[in-house]
Structures are given as structure tokens and as C-alpha cells.
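Hi,

Here is the structure I promised to pass on to you. Have a look at it first, and then read on for what turned up when I went through it.

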Amino acid sequence: MASPIQPVAKSTPIKHNRSGTELHAANPIKINASTDYIKNAADMEGMFVGPMPIDKFLADFVPNNSPDPKSARPIAFNECHPKNGYEDEFVRAIDATELFPGLLVCNTKHKPDTHYPLDRKPDMSVFRKTSAVDEARDAVNWREIELIVEVKPEGHDPFRDPSPKCKDVKRWKFEASSEAADEVRGQIISYAKARFSSQFRTFSFSVVLMGTYGRLIRWDRSGAIVTERFEWSEQQDTLAEFLWRFTHLSEVERGRDDTVTTPSEEEIARARAALELQVYHYPKGVPDVLHKFLIHDDVTGEDHHFVAPLSTAHSQVITGRATFGYGVAYDLERNVCVYLKDSWRIALADMHKEGDIYRLLHEHGVPNIADFQCAGDVQWQGGYELARTQSDGAQSTLTHLYRDEDWACYTTTLIPHVHYRMSLDTIGCPLRTFRSTKQLCSGIKDAIEAHSGAVVKAKVLHRDVSAGNILLHVESGRGLLIDWDLSKIMNPDVLETPRQAWRTASGTWQFISALRLQNPDKVHEISDDMESFVHVLTYHLLRYRQSTFNALGEIVYEIFDASYIDEDRFDKLGGHGKELFFQDRKLSEKTWRHTLAAPCANIVEGLRVLFQPLYNVVSSTRIAESIRVAIQAAEQEAHTALQTAAPLLSVFTAQLDAPDACWPTDDGNEDVYMLMPSVVPARPLKRRMAADPINDTVHSGSSFTSSFKRRRAMSHAASDS
């Protein structure tokens with residue numbers, strides 16, 4: 001096995017995927033399945049490692065835990081024909097053998113899972129015979145599925161093995177490039193996504209059959225490993241061997257998280273009594289099914305146990321941190337309610353564990369942060385030696401370890417992740433629950449004070465300021481800055497350099513500074529976080545209160561969502577709408593004053609003025625040199641000033657503490673997005689790699705020059721709506 005890749009995170013990387021982006025997008029309407037599949041394929045482009053030799057795939061991931069069956073009947077796969085009902089014949093062929101004790105193969109292509117928000121129906125699903133699906137063999141049940149088998153026509157292979165003439169597989173694009181291939185690949189991604197969202201799972205397997213050919217896939221939070229293509233209908237040994245081995249794997253070896261268990265009746269009763277008092281978090285009552293979670297604290301070595309329902313959030317991507325907030329959970333040892341967070345932390349050399357950051361922040365007395373209780377890497381509880389060899393027994397990803405194997409084609413740099421769980425004693429509500437614009441502004445000001453305290457006292461830069469990372473304390477209404485898992489300990493003796501060109505879920509697109517969206521190689525600075533606070537404020541003022549803005553959906557889309565493909569660097573860029581806002585060319589001061597109370601409008605305008613010098617466009621060659629110098633000096637002065645929170649805090653304090661300020665008391669918390677029609681059509685953006693016109697192989701050494709100068713030239717007209 002190849003050695004683990006350990007790139008160093010020089011600056012917070014940007015990836016415009018859907019892990020957090022769609023939650024805040026301007027278009028709340030669900031997209032159709034085909035468009036969703038194309039978006040899935042774009043999200044995971046370059047993250048499939050293959051073609052892995054079948055024998056190695058079986059040896060590394062599907063150990064043989066049982067003697068080969070001597071008396072089992074052969075599988076009549078060669079009798080399966082699409083015209084006769086492919087899936088039903090496949091199921092009958094499996095049932096006619098004695099190869100797969102304990103497993104139930106079902107045709108599930110017709111009935112979706114009514115508990116899952118999307119209509120996703122894999123052709124065949126494999127369940128345990130002891131599960132609840134025994135009486136409903138034809139319906140999808142994402143909470144119980146052990147294995148997916150998807151059937152496609154022979155010409156719809158989503159991958160392409162290197163040709164015999166290929167001299168360098170590292171330049172070969174493994175993912176097939178046709179629209180049909182993209183859709184198939186996106187479809188199997190959607191099924192893997194549904195399983196990860198509906199189960200406590202660390203990895204999973206899939207089978208894809210294309211006519212007489214097939215592939216095996218293993219998914220985790222770093223990407224997916226895909227086998228070479230094999231012929232399965234005539235040469236049955238490969239598929240039969242996989243299914244036989246899979247049947248005899250333990251639940252852990254199939255990817256189940258063994259740190260999540262079923263609580264006792266006594267524990268359920270205690271937890272339910274406490275959770276039912278949390279009316280805000282469980283307005284419809286506590287769900288019927290509760291689970292028991294284990295946290296082994298990295299520092300104290302103590303075990304902590306919590307009871308909570310399955311998260312109702314459904315992740316939009318497979319790879320990345322995959323953060324699930326289980327909301328309010330019950331602490332069995334201390335008999336109190338807490339906030340429970342589950343994620344897959346980035347396992348790079350200079351990325352610190354969030355629990356360690358919280359301990360550091362509390363040690364330095366940083367204000368307006370959540371009270372920390374315990375945290376630690378999630379450890380396998382037994383029996384999974386493959387994972388134990390990677391990171392001291394922690395549940396960790398493996399896909400990234402294989403990208404440098406001799407057989408592996410081109411991939412983007414894949415990021416290692418380790419499963420991580422944390423408990424906080426402070427329970428908060430989302431910022432969007434603000435009851436008035438004064439409370440909104442006060443909560444954001446509190447979060448800025450937390451950010452400033454972290455920078456000044458603890459030398460910690462947050463680097464992920466967004467709407468989801470600011471809470472309002474459930475009792476006091478005080479603003480809290482949370483989610484420090486992408487933060488960085490600042491070292492004044494180390495010169496910052498631009499991030500490496502690797503992708504991971506970082507930040508939320510709508511709130512990243514315009515300068516970073518326009519130039520992703522830009523080093524993340526304090527000023528970028530300060531700008532993110534501005535975008536959090538304007539976003540909430542637009543979305544969560546009634547206003548008289550015309551074409552609100554289009555305005556929000558252009559400022560917060562819009563992106564485009566840079567053909568030189570094959571990357572998604574954006575930020576032009578934010579630039580127009582700071583230039584007073586989109587949502588002008590006059591517009592804000594027409595729809596906001598004076599104190600709030602003064603804050604928005606005061607913040608705009610602070611950042612405006614950073615976005616003064618100098619593109620004309622006819623401008624006088626003295627004016628050019630003055631503009632550049634103002635830009636440098638503003639950039640320097642915004643390396644602290646003082647300018648922003650001054651703007652907020654002047655209005656919040658003014659004795660004569662007239663603030664409304666009930667002008668918030670109505671989601672106008674839900675009242676709008678579909679405002680912007682879903683636009684699947686696909687980052688394409690340059691390809692050799694003859695061999696369709698990936699070119700290395702593509703241009704990754706800065707787009708900062710191009711940004712300066714982008715000054716096409718835009719007017720207020």
C-alpha cells in the first residue's frame with residue numbers, strides 16, 4: 001500500500017460543492033433527478049481512484065472470513081437478460097443458490113423510501129434477512145441497505161480503463177466524459193450519499209453492472225475506489241466471490257460504525273424525559289428511535305455516552321467533513337442536555353482538532369464561545385484490523401492512500417479524514433431565529449468579539465465564518481461563534497503562502513470574501529473573516545425579513561451564489577456580485593435606507609465603507625498617476641486596518657449603544673425564500689480538465705496563475721434592482 005499523502009494546509013481551501021452551499025442558496029426549489037446526478041458527478045470529479053485490480057480489491061477490503069462453499073449450486077447469471085426483467089432474474093438466480101446465507105437481495109427499482117426526502121430507487125438492494133424489510137422486499141429502505149447493485153446498459157460505463165497504448169496512467173482520465181456517463185456516475189453517487197445520510201456508516205460498497213460487465217466500488221469520505229472492469233455474466237467467479245465474502249463480513253467490515261448502539265429501555269426513558277423539555281429543538285416531539293453515541297476523550301481518556309435521534313439533515317455530498325449536528329442530546333453520565341457534533345476532521349499535519357482549539361480558547365478567556373465538554377477521534381471498538389493500522393485505531397478514510405499506486409489513473413489530491421465527535425455544554429439556536437434586526441446585529445457583534453478574542457488572546461484565526469457558525473444562546477440570546485474545526489493557530493514567525501491546489505469542503509460559498517472567491521490561491525487573512533461577517537449580516541437582512549426589494553431572488557443569486565468556470569485554471573470562481581455591493585453598484589445605500597430602520601441601515605453602510613477601498617477597480621490606462629497612487633494607498637490602508645476587528649466593532653457599537661437609536665422590536669425571522677417562486681434555474685457547473693485530443697488523457701502542468709488581475713478588469717455594468 002502506498003504511503004499516506006500528507007499535504008500541508010497553507011491556507012483554507014475553497015470548494016464550491018453542496019455540503020453547506022445549498023442550505024443558503026437563493027433557489028429553494030428541489031431540482032430534478034437528472035440535474036442532481038450531473039451536480040453529484042461535478043462535486044466528485046477527480047475523486048475516483050481506479051482501476052484497482054479485482055484481486056487486490058478483494059484482498060484489501062473484503063477479507064475471506066469463511067471457507068469456500070463446496071456444495072453450493074452455481075449462480076445462473078448467464079440466464080439474466082434485460083428483456084426478461086433483469087432484476088427479477090438476478091434475484092431468482094441468487095435465491096436459487098446457497099451462497100449467501102443471511103442476506104436478502106431485492107428488486108427495489110419501483111418503490112422509494114418514504115422517509116428519505118429524494119425519490120431515489122436503486123435497481124437492487126441487499127438487506128440482512130433479520131432486518132425489517134423481510135415483508136417489503138420491493139421497497140427501498142435506506143436505513144437498512146447493506147449493498148447497492150445498479151444495472152445499466154453496456155455502453156453506459158461511468159469509468160474507462162486505460163487503453164493498452166496508454167504510456168502514463170497518471171495522465172489518463174479514469175472518469176468517462178460523456179453526458180450519459182456523468183449521469184450514471186452521479187446516480188450511483190446519489191445512492192451512496194443516501195446511505196451515508198441514513199445510516200451510521202464509515203464506508204460502503206456498491207456494485208455496478210453494465211450489460212455483461214461490472215465494477216465494484218468502495219466509498220468513504222475521501223473519495224471512492226473503483227475496480228477494473230470485469231465480465232460477470234459468463235465468468236461468474238469474480239462477482240460470486242465478492243458476494244460470498246461480503247455475506248460473511250461483520251457489520252463493521254461492511255462499514256457500520258460500532259460506536260453507535262441501541263440504548264437500554266432505562267436510558268431511553270431518561271433521555272426522552274429530558275429531551276421532551278427541549279421544545280424548540282423538538283417541536284413535533286422526540287423521534288421514536290433513539291441511539292447511543294460514544295465519545296472517548298482524547299485528553300482525559302474518559303468515555304462519555306449520549307442519547308440522541310438520528311440527525312434529520314441529509315448531506316449533499318459524500319466527501320469532506322460531513323458534519324452532522326445531532327442538536328440536543330442527553331448526557332447519560334451527567335443527566336443534562338448538550339449539543340452533540342459528529343464530523344470527519346481533516347487529518348493534515350497543521351490542522352488542529354476542534355476540541356484542542358476549544359481548550360485553547362477557554363484557557364485564554366475568549367468570550368462568546370460555547371462551553372466545551374469533551375471530544376475525541378472515534379475509535380473502532382473491535383475487529384477491524386485494516387483501519388487500526390492507519391491511525392491508532394481511529395475510524396479513518398483509506399481512499400487517499402491508493403491514489404499513487406501504479407495502477408491508479410489521474411485524480412485530484414485526495415484529503416485524509418478521521419471520524420471525530422464532540423460535545424458542547426452550550427445549546428444555541430440558529431442565527432436565523434433572530435426576533436429583530438437589533439438582535440441580529442447584536443448577535444453578529446458578539447461573534448466578532450469572539451473572533452477578535454481568539455486572534456488577540458489565543459492567536460487563533462477562525463477561517464470559516466458563515467451563517468451556520470453563529471448561534472444565539474437559547475436563554476440569553478447572546479451571539480456565539482462555533483465550528484472551529486478549520487481554524488489555524490497563527491505563527492508570526494512563519495511566512496504564509498497560498499494554499500496548495502487540493503480540494504476539500506471549506507467554508508460556505510455565500511459568505512467567503514470576494515477576494516478569495518476571485519483568487520482562490522489568496523492567503524486567508526483576518527480581513528477575509530471580517531468580510532464574511534458583513535455577508536452574514538446582509539444575507540440575513542435579505543432572507544429573513546420582509547422587504548420591498550424588486551427581483552430579490554436575482555439579487556441574492558448574483559451576490560451570494562453566482563460562479564463561473566475559469567478556463568485557464570479549471571476552477572470555479574465568483575465574488576463579482578459582492579464586489580459590486582462594496583462598490584455601491586448593487587444594493588446601494590439608498591436601497592438599504594428605503595427598506596431598513598435607520599440604525600441598521602447605518603451599520604450596513606458603515607461596513608460597506610470599510611471594505612470599499614479593497615474593491616476600487618483600477619483598469620483604465622488614462623487615469624492620472626496621482627489618482628492611481630491615492631487609490632492604491634487607500635486600498636493598502638483599508639487592508640491594514642481590517643487585520644483587526646476594531647473597525648467593524650466600532651460600526652456596530654455606535655448604533656447598538658446609541659441612546660436615541662430607533663430599533664424595531666419585531667422585524668425579523670420570516671424566511672422570504674420560502675415565499676418566492678423558483679428564482680434562478682439550477683445551473684450545474686462542471687470543472688473540465690484539459691484533455692489530449694487523441695488519447696483523452698489529462699494534461700499536467702496546467703496554468704494556475706492568479707486571477708487577481710482578471711478581477712481588476714471585470715467591471716462590466718450593473719445596476720441596482
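Let me start with the chain as a whole: of its 721 residues, 59% count as buried. Please keep in mind that this is a predicted model. The average pLDDT over the chain is 83, and 80% of the residues score at least 70. Two stretches deserve some caution. Over residues 1–13 the pLDDT stays under 50, although the model has 53 contacts beyond four places in sequence for them. Residues 500–505 also stay under 50, and for these the model has 33 such contacts.

As for the fold, you will be looking at 18 helices and 22 strands. Take the contacts between residues at least 6 apart in sequence: 74% of them join residues at least 24 apart. The chain exposes about 28800 Å², and carbon and sulfur atoms supply 51% of that area.

Now to the spaces inside. There are seven cavities of 30 Å³ or more, and the largest has a volume of about 120 Å³. Which residues are closest to the centre of that largest cavity? They are Gln-199, Phe-200, Phe-324, Tyr-326 and Asp-342, out of 15 that line it. Helix H4 (179–198) and the strands S12 (324–331), S13 (336–346) and S15 (417–424) each supply at least two residues of the lining. By class, the lining of this cavity has seven nonpolar, three polar and five charged residues.

Phe-293 is worth finding on your screen too. It is in strand S10, which covers residues 291–296. Is Phe-293 buried or exposed? With a relative accessible area of 0%, Phe-293 falls under the 20% cut-off and so counts as buried. Leaving aside neighbours within four places in sequence, its contacts include Phe-200 and Tyr-326, along with Thr-259, Val-260, His-304, His-305, Phe-306, Ala-308, Leu-340 and Arg-421. Two of these partners, Phe-200 and Tyr-326, are among the residues closest to the centre of the largest cavity. Asp-342, from that list as well, is 49 residues from Phe-293 along the chain, and the C-alpha atoms of the two are separated by 9.9 Å.

There are open spaces as well. The second largest pocket has a volume of about 890 Å³. Its lining is made up of 28 residues, and those nearest the centre are Arg-143, Ser-198, Val-289, His-291 and Leu-310. Sorted by class, the lining of this pocket divides into 10 nonpolar, nine polar and nine charged residues.

Two helices caught my eye for how well they are covered. In helix H1 (residues 33–43), nine of the 11 residues are buried. These are Thr-35, Asp-36, Tyr-37, Ile-38, Lys-39, Asn-40, Ala-41, Ala-42 and Asp-43. What covers them includes H4, the helix that also contributes to the lining of the largest cavity. Helix H3 (residues 86–95) is mostly covered too, with seven of its 10 residues buried: Tyr-86, Glu-87, Glu-89, Phe-90, Val-91, Ala-93 and Ile-94. Those residues pack against strands S2 (103–107), S3 (124–128), S4 (147–152) and S5 (204–210), and against helix H5 (237–247).

Finally, some backbone details. Most residues other than glycine have a negative phi, and most peptide bonds are trans. Against that background, three places stand out:

- Gly-50 and Pro-51 are joined by a cis peptide bond, with omega about 0°. Pro-51 belongs to strand S1 (residues 48–52).
- Asp-483 has a positive phi, near 55°. You will find Asp-483 in the loop between strand S19 (479–481) and strand S20 (488–489). Its relative accessible area is 15%, so Asp-483 is under the 20% cut-off and counts as buried.
- Leu-587 has a positive phi, also near 55°. Leu-587 is in the loop between helix H13 (576–582) and helix H14 (589–595), and at 2% relative accessibility it counts as buried.

Happy browsing, and do write back if you would like to go through any of this together.

Best wishes

Technical notes. Residues numbered from 1 in each chain as written. Predicted model: local features only at pLDDT ≥ 70, side-chain atom pairs only at ≥ 80, totals over all residues. Heavy atoms only, no water. 1 Å grid on protein atoms, 1.4 Å probe; cavity = no way out; pocket = protein on both sides within 12 Å on 5 of 7 lines; lining within 4 Å. Points joined across faces, edges and corners; volume = space filled by probe spheres on them. Helix = DSSP H or I, 4+ residues; strand = E, 2+ residues; numbered from the N terminus. Nonpolar A, V, L, I, M, F, W, Y, C, P; charged D, E, K, R; others polar. Buried < 20%, exposed > 50% of the residue type's maximum accessible area, 1.4 Å probe, protein only. Contact = heavy atoms within 4.5 Å. pLDDT = per-residue confidence, 0-100. Areas by Shrake-Rupley, 256 points an atom, 1.4 Å probe, with all protein chains shown as cover.
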